[in-house]
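Welcome, and please open the structure in your viewer. We will go from stop to stop, selecting a few residues each time and looking at what is there.

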Amino acid sequence: QQLYERGQKLFIFCLSRPITNLVLNDNGLLKHLQQEEKNLSRYTEIQLLNFTKDNVRDLLAMALKIPGEKLNDEVCEYLYDQSGGMPCFTQEIIENLMQSQLLGWREDKTFGW
């Protein structure tokens with residue numbers, strides 16, 4: 001909040017699950033931004049839609065450079081469930097999966113666990 005009060009031009013990027021699911025210790029700044037600063041053009045809130053399961057499959061397929069139909073459904077379900085469909089979290093989990101090398105070709109010719 002102190003940075004916000006000092007700065008004339010300040011970019012704050014926040015990422016979270018929907019606010020209704022959060023427990024905030026002090027949401028005074030957020031309420032101030034949403035109510036007062038919105039009218040002064042200093043605050044813009046952008047809400048992105050969550051990915052669908054198909055979007056998650058497509059993103060994983062692009063990251064692995066394989067066709068989406070070759071991905072094991074279990075891996076796609078896991079990724080969707082863990083990320084809640086949130087784009088940034090989905091990407092982070094994909095990066096972790098790729099680094100951990102937990103995925104590979106299976107006997108059924110799909111890419112999965």
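The tour below begins with the whole chain and then moves to single helices and residues.

**Stop 1: the whole chain**

Before selecting anything, keep in mind that this is a predicted model. Switch to a cartoon view and follow the protein chain, which has 5 helices and 2 strands. In what order do the elements come along the sequence? The pattern reads α-α-α-α-α-β-β. The protein chain has 113 residues, and buried ones make up 25% of them. Now consider contacts between residues at least 6 apart in sequence: 56% of these join residues at least 24 apart. Some of the stops below show such pairings up close.

**Stop 2: two helices that cross**

Select α3 together with helix α5, which covers residues 87-100. Their axes come within 11 Å and cross at roughly 40°. Is this arrangement oblique or roughly parallel? With that angle, α3 counts as oblique to α5. The crossing of the two helices is right-handed. To see where α3 and α5 touch, show side chains for V56, L59, L60, A63 and L64 on α3, and for T90, Q91, I94 and M98 on α5.

**Stop 3: L60**

Stay on helix α3 and pick L60, which has its place there. Buried or exposed, what would you say of L60? L60 has a relative accessible area of 0%, so this residue is buried. Next, display its surroundings: leaving out residues up to four places away in sequence, L60 touches L71, V75, L79 and I94. You can also draw a distance between the C-alpha atoms of L60 and M98; these are separated by 9.7 Å, although the two residues are 38 apart along the chain.

**Stop 4: R57**

Move along the same helix to R57, since α3 spans residues 53-64 and R57 lies within it. R57 has a relative accessibility of 17%, and because the cut-off for buried is under 20%, R57 counts as buried. Which side chain has a polar contact with that of R57? Select D73: a polar contact of 2.4 Å joins the two side chains. D73 is also one of the residues that R57 is in contact with beyond its neighbours within four places in sequence; the others are G68, L71 and C76.

**Stop 5: the aromatic pairs**

For the last stop, colour the aromatic residues. A pair of aromatic rings is described by the distance of the centres and the angle of the planes. How many aromatic pairs does the structure hold? There are 2 of them.

Select Y78 and W113 to see an edge-to-face pair, with 5.2 Å from centre to centre and 80° between the planes. This pair links distant parts of the chain, as its members are 35 residues apart: Y78 sits in helix α4 (residues 73-83), and W113 is in the segment after β2 (111-112). Y78 is partly exposed, with a relative accessible area of 35%, and W113 is likewise partly exposed, at 35%.

Then turn to W105 and F111. Their ring centres are 5.1 Å apart and their planes stand at 80°, so this pair is edge-to-face. Try a surface view here: W105 counts as exposed at 52% relative accessibility, whereas F111 is buried, with a relative accessible area of 12%.

Terms used: Residues are numbered from 1 along each chain as its sequence is written. This is a predicted model: local features need pLDDT of at least 70, side-chain atom pairs count only at pLDDT 80 or more; totals for chains, interfaces and linings use all residues. Side-chain values use heavy atoms; hydrogens and water are left out. Helices (H or I, at least four residues) and strands (E, at least two) are DSSP runs, numbered from the N terminus. Buried means under 20% relative accessible area, exposed over 50%, partly exposed in between (1.4 Å probe, protein chains only). A polar contact is a pair of N or O atoms within 3.5 Å; within protein, one must be able to donate a hydrogen and the other to accept it, and residues adjacent in sequence count only if both atoms are side-chain atoms. Contact means heavy atoms within 4.5 Å. Rings of Phe, Tyr and Trp (its six-membered ring) pair if their centres lie within 6.5 Å; planes under 30 degrees apart count as stacked, over 60 as edge-to-face and the rest as tilted. Axes are lines fitted to C-alpha atoms, for helices over the stretch in contact, and angles run from 0 to 180 degrees between N-to-C directions. Angles under 35 degrees count as roughly parallel, over 145 as roughly antiparallel, 65 to 115 as roughly perpendicular and the rest as oblique. A crossing is left-handed if the near helix is turned anticlockwise from the far one by less than a right angle, and right-handed if clockwise.
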